[in-house]
Amino acid sequence: DLIEEVESLRRSISALGRTVSKQTRIDDNVHLHDTLLQSIADSPSAISIVSTDLEGNILFWNKGAENLLGYRAEEVIGKQKIGIVYPENAETKKTVKSVVNFILTEKRGTTCEIEEITKDRHLLNVKLTLSPRFDREGRVVGILGVGENITERKLAEKALAERIRMAAFGAEMGSALVGSSSLQKMLQQCVEAVVQHIDTSI
């Protein structure tokens, strides 16, 4: 009857409203997700975000990577391999190979410190957090890297280590000068301190 038809229509409208409301929430979440991703991509910070496939082809390159490494996104995406940012030395190549093998084998992320080289050939110390990218079947299809420039921190650590080493050297020389019972012994201890200082600085 009419009452049943009205009630059926009311339930249909209510169900449609819930569906529309759910879809709206999904659309809002997708929009928020896209906005966040775009914000990360356009961020002018010194945090680089780079994505590659398993052959090392660059697929994503954010503003932070542009600022840190000097290459514009349009210069590298689909045109270059990630190897352009690695200096030609055995230690770097060994580290990169080891990290990639770990990600492919363990299927999880890792962190390392590595040297990278900018477009204008400046050498940087970079802390990298690397994570695998998966396809729908759970296979690793690429690597996502987040890099932080730690060059200044490394320089500060090196300078501190040098100051500590020089302080120790000064203490040894002072001890030799005031604690020796003879000139010959004093000279011998000074020479030993100098030799040790040279060995630790190499």
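These legends go with close-up views of side-chain contacts in a predicted model.

**View 1. Tryptophan 61 meets tyrosine 71 edge-to-face.** Search the whole structure for aromatic pairs and you get just one. Its partners, tryptophan 61 and tyrosine 71, sit 6.4 Å centre to centre, with 85° between the planes. Tryptophan 61 comes from strand E2 (residues 58-61), while tyrosine 71 is in the loop between helix H2 (63-69) and helix H3 (73-76), so the pair links distant parts of the chain, 10 residues apart. Both rings belong to buried residues: tryptophan 61 has a relative accessible area of 4%, and tyrosine 71 comes in at 12%.

**View 2. Lysine 119 bridges to glutamate 75 in helix H3.** This is one of seven salt bridges found across the whole structure. The closest N and O atoms are 2.7 Å apart. Lysine 119 belongs to the loop between strand E3 (110-117) and strand E4 (123-134), and glutamate 75 is 44 residues away along the chain. Lysine 119 is partly exposed at 39% relative accessible area, and glutamate 75 is partly exposed too, at 23%. Zoom out a little and these two turn up in a salt-bridge network with Arg72 and Glu74.

**View 3. Arginine 139 has two acidic partners, aspartate 135 and glutamate 137.** For the salt bridge with aspartate 135, the closest N and O atoms are 2.8 Å apart; for the one with glutamate 137, that gap is 3.2 Å. Arginine 139 itself is partly exposed, with a relative accessible area of 49%. Aspartate 135 is partly exposed as well, at 23%, whereas glutamate 137 counts as exposed because its 58% is over the 50% cut-off.

Terms used:
Residues are numbered from 1 along each chain as its sequence is written. This is a predicted model: local features need pLDDT of at least 70, side-chain atom pairs count only at pLDDT 80 or more; totals for chains, interfaces and linings use all residues. Side-chain values use heavy atoms; hydrogens and water are left out. Rings of Phe, Tyr and Trp (its six-membered ring) pair if their centres lie within 6.5 Å; planes under 30 degrees apart count as stacked, over 60 as edge-to-face and the rest as tilted. Helices (H or I, at least four residues) and strands (E, at least two) are DSSP runs, numbered from the N terminus. Buried means under 20% relative accessible area, exposed over 50%, partly exposed in between (1.4 Å probe, protein chains only). A salt bridge is a side-chain nitrogen of Lys or Arg within 4 Å of a carboxyl oxygen of Asp or Glu.
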